[in-house]
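The following exercises concern a single protein chain. Please work through each task before reading its solution.

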Amino acid sequence: MNILTESKDNRINTHNILIEMSYKEYLKHATRILDNNPYQRKRVTSSNTIYSQLKQDMIEGCIIPPIVLALSNNYEKETKNGLEKFIQSNMDDMLILDGLQRTYTLIDAYEEVKKNDGCEEKFLSNIIRAEIYYGINRFGTLYRMLTLNTGQTPMSMRHQIEILYSNLDLESENIKLLKEADGQRISAPGEYKFKDAIDGFVALIQGNYLPMDRTAVLETIKSIETISKEDLNNDLFTQFVKTYHKLFLKINEITSYDRISDYKNDLVDGSSMLFNESGISEPKNFMYATSIESFFSKSQTFTGFGGAIGFLRNKNIISSLNDIEKMIERIDNDENIEWFIYLTEHLHTIKQSSKKLVIRKDFIFTTSLEVYLMSMEIHI
């Protein structure tokens, strides 16, 4: 391994080093780097022809573009030998920011070379370059992943966030993010599905509640434009989840369960014209949620919350999540549940008047939440 240069990336406040190493050195760690991340995407199957040519180029000793790696661990010493030892001892913990498909192809090329007697040693002596960001935080990593993959076939931003926050622990904040692999259902306040939190965060980043159905390049560019406005020294995803939970705690505190129960009884007693005309017999089938806990545990609520914040930010009504947190602290409606009734009936009205459209619940909810949050800004 040979360290060529070291530079400071002032945009994300971390160090970047350029190194050279042999195929043998990289292959020693490549499989571990891939296997170490259960969320890592698989090979891009639509580009087999391109990577088939790349594999042949690697066998012939072609110099390929540098692979870009990231390491959250920081390095304090200044000596070159110490830095080299630091890199070597942390190679297995690296995250690939750019060069995933090249890594897969290099492994395939090695497997092919091993079948040919006398070619293995020459192949393993070939040189590969790598850029390494060390001491980089999660949000800086996300920013670099997006900028490096622009114009290529990147993994989705949702996938990248899953990778970066797969080990996030917020239990000290009484928040638990449940992964699908855990096989757990929401059973207590403060428990949320990890994928719902990610969808809400993506909605915040994009300023849009809609699912990511646009082209990957446009999605990436839009994400870069939004993220570039944020302070990369802050962990925006963690702050987003904490803010969401803070809103749940506040609404849960000031909303009377008895009042919600009374509203359900009123529906049964026929006091709501909308419910009477709906043809629905059970209040639970008419209401978006039957409790504050169920309200905040829904994926549409997360997505609507994120989309609404992005909307308010884009309209310059707020500048950051800190503004939302201050607004939450000032909420006080004396256990009034008019907002809850309004959302329930407004959602039903939109749904009924949009029968000819394929409409998502998160669209309906976001429309209502945007109105509610803006009114909360005005009337607090």
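**Exercise 1.** Determine in which helix T238 lies, whether T238 counts as buried or exposed, and with which residues beyond its sequence neighbours T238 is in contact.

*Solution.* The model is a predicted one. Step one: T238 belongs to helix α10, which covers residues 236-254. Step two: the relative accessibility of T238 is 10%. Buried means under 20% relative accessible area, so T238 is classed as buried. Step three: once neighbours within four places in sequence are set aside, the contacts of T238 are Y165, L168 and L170.

**Exercise 2.** Locate D266 in the secondary structure, classify D266 by its relative accessible area, and state which residues gather with D266 in a patch of negative charge.

*Solution.* Step one: helix α11, residues 257-269, contains D266. Step two: D266 has a relative accessible area of 36%. Partly exposed residues fall between the buried limit of 20% and the exposed limit of 50%, and D266 is therefore partly exposed. Step three: on the surface, D266 gathers with D258, D262 and D269 in a patch of negative charge.

**Exercise 3.** Describe the protein chain as a whole: its secondary structure, its share of buried residues, its contacts and its exposed area.

*Solution.* Step one: the secondary structure consists of 18 helices and seven strands. Step two: of the 380 residues in the protein chain, 47% are buried. Step three: consider contacts between residues at least 6 apart in sequence; 76% of these join residues at least 24 apart. Step four: the protein chain exposes about 19,300 Å², of which carbon and sulfur atoms supply 46%.

How values were computed:
Residues are numbered from 1 along each chain as its sequence is written. This is a predicted model: local features need pLDDT of at least 70, side-chain atom pairs count only at pLDDT 80 or more; totals for chains, interfaces and linings use all residues. Side-chain values use heavy atoms; hydrogens and water are left out. Patches are made of residues with over 30% relative accessible area and no salt bridge: like charges are joined within 9 Å, nonpolar side chains (Val, Leu, Ile, Met, Phe, Trp, Tyr) within 5 Å. Accessible areas come from the Shrake-Rupley method with a 1.4 Å probe; for residues, only the protein chains shown count as cover. A salt bridge is a side-chain nitrogen of Lys or Arg within 4 Å of a carboxyl oxygen of Asp or Glu. Lys and Arg count as positive and Asp and Glu as negative; His and the chain ends are not counted. The place of a charge is taken as NZ of Lys, CZ of Arg, CG of Asp or CD of Glu. Helices (H or I, at least four residues) and strands (E, at least two) are DSSP runs, numbered from the N terminus. Buried means under 20% relative accessible area, exposed over 50%, partly exposed in between (1.4 Å probe, protein chains only). Contact means heavy atoms within 4.5 Å.
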